[in-house]
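Colleague: I should be grateful for a close look at the largest cavity of this model. Which residues line the largest cavity, and which element gives the most to its lining?

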Amino acid sequence: LALAPMPTQPVRVVVVGAGPSGLLACINFLNRNANSNDVTYHVTLVERGEDYGALDASGLEKKRSWMIGLSTHGLTAIRRVPSLYEEYVSKVGVPVHATALCVGSRKFEAKSDEIGENYVVDRNFVVAAIARFLKDKFETSKYLTQRYNTKVNFVDSDERRIFVRDQNGRDEYIPYDLLIGCDGVRSQVRAALVANHRDFESSVGDIFNRYKSVHIELPEHLDGNMIYITPQCLPNFNGIALPETGGKVNLAMGCPTSAKVPAALESDDVTAVADYLRDNFKAFALPCEAVAKQWVAQPWNTTGMVHCNFYHSSTLRLAIMGDAAHATSPSIGQGMNTALADAAAFDDLLDRHYDDIDAVLPAFSKERVKEGNALTSIAYYVYPMSDFQNLRNTVVNILRNILHRYLPSLVAPDPLVSIGKGGKLSEAYAEMTRMGRLAAARRVNDDLRRGWFEKRVGLIKA
């Protein structure tokens with residue numbers, strides 16, 4: 001096997017975006033310096049926001065955002081780095097020992113050994129933990145430059161450099177030999193692919209769902225180490241309750257964008273919202289006034305969705321990861337897990353191809369595009385936007401998992417369970433397609449979304 005000639009100068013890697021995948025990618029590149037005598041990487045991290053790793057506990061508490069479940073894919077990627085999970089990430093979240101599916105007031109529980117390990121953590125807390133690890137291990141390294149509060153304006157692909165502006169308004173170019181875009185839904189790195197590759201296909205939209213998320217004290221009757229999934233918790237609404245640190249729970253409830261929202265939930269009247277919740281939310285007892293106060297104080301939220309047909313450019317010497325490549329609905333809880341797995345996969349490919357970036361880049365797309373597109377498709381179509389179809393699927397999946405528990409050789413589990421245990425998203429997608437589950441939901445969801453758009457813009461009369 002002929003190996004590619006090794007560079008004599010450090011490879012200048014620029015990572016744009018200090019989210020989970022960007023930070024883990026930085027760590028992986030820097031760890032390679034200690035493990036290889038052939039190639040050295042100089043890493044420049046560029047992030048438009050602040051360094052959460054520099055915040056103390058009280059400062060980080062003010063940045064509390066939304067809870068995310070780390071499952072096998074994400075945990076495996078983190079645990080590849082010695083001590084990152086044990087000494088940093090494990091300190092900022094909540095281990096989960098079971099998940100409860102709440103149908104009306106009834107609960108169906110599944111233990112973690114049945115559905116896979118889960119560790120719930122605030123998105124900004126896990127970012128802070130990984131950033132602290134990077135700072136503690138590499139801050140004094142001559143091979144790391146961190147540029148926070150610095151915005152990327154564009155990629156100059158002809159010269160292989162990025163044009164940035166810092167918080168003081170100073171502009172400069174940063175050259176690169178390899179550019180990694182972990183810069184989210186509105187990625188400037190992905191924009192370079194759009195501008196330079198006519199065969200690059202990408203779409204950016206939203207998840208056609210709007211929601212609100214509140215942080216409340218954990219009710220006495222809820223287990224602080226359990227996840228509670230609440231389909232149809234309110235008319236047209238699905239919800240999820242995730243445990244938090246500090247004896248709290250993060251409750252999120254959302255509905256399709258086209259759904260008619262009860263007047264009380266559109267109101268800014270705390271009493272009206274509390275009364276509506278008291279009358280209609282049956283999954284478990286809520287502190288309705290506390291929920292209502294936060295509910296009226298925030299706007300409706302939505303999240304982005306991104307699809308791409310490849311994740312690299314050999315010509316531009318770049319790759320995209322995480323939300324820049326496959327932003328998704330949070331419905332199956334695999335967005336951050338898949339982003340972290342992207343960073344781990346790139347590092348594995350550097351091992352397999354002896355740090356030959358020309359070989360790694362196309363291999364990365366070959367390995368990860370099917371996983372990223374499986375993620376976005378499953379997350380968007382696994383739960384139909386039809387109350388009847390969604391309820392039927394819920395009942396079928398409960399029965400399937402019960403039968404699998406007692407007849408494992410005859411009845412396969414829900415494919416979503418295999419994802420939680422570390423199975424490939426692409427394999428779960430193939431199985432759901434074979435079952436007809438995605439096709440049935442695709443007809444409902446796409447027709448609903450298209451019909452709503454046609455009426456909203458006046459293509460057809462409402």
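Modeller: The following account treats the cavity first and then turns to a loop that follows one of its helices. The model is a predicted one. A search of the whole structure finds one cavity of 30 Å³ or more, and the volume of the largest cavity is about 40 Å³. Its lining is formed by A25, N28, F29, M321, A343, F346, D347 and L350. Two elements, α1 (20-35) and α12 (335-352), each give two or more residues to this lining. The greatest contribution is that of α12, which provides four residues. By character, the lining of the largest cavity comprises six nonpolar residues, one polar residue and one charged residue. The charged residue is D347, because Asp is counted as charged. The polar residue is N28, because Asn is not among the residues counted as nonpolar or charged.

The loop between α12 and α13 (357-381) also deserves attention, as D355 is found there. The phi angle of D355 is near 65°, a positive value in a residue other than glycine. With a relative accessible area of 13%, D355 is buried, because that value falls under the limit of 20%.

A second residue may be set beside D355. R160, in the loop between β9 (150-156) and β10 (161-166), has a phi near 50°, likewise a positive value in a residue other than glycine. Whereas D355 is buried, R160 counts as partly exposed, at 32% relative accessibility.

Definitions and conventions. Residues numbered from 1 in each chain as written. Predicted model: local features only at pLDDT ≥ 70, side-chain atom pairs only at ≥ 80, totals over all residues. Heavy atoms only, no water. 1 Å grid on protein atoms, 1.4 Å probe; cavity = no way out; pocket = protein on both sides within 12 Å on 5 of 7 lines; lining within 4 Å. Points joined across faces, edges and corners; volume = space filled by probe spheres on them. Buried < 20%, exposed > 50% of the residue type's maximum accessible area, 1.4 Å probe, protein only.
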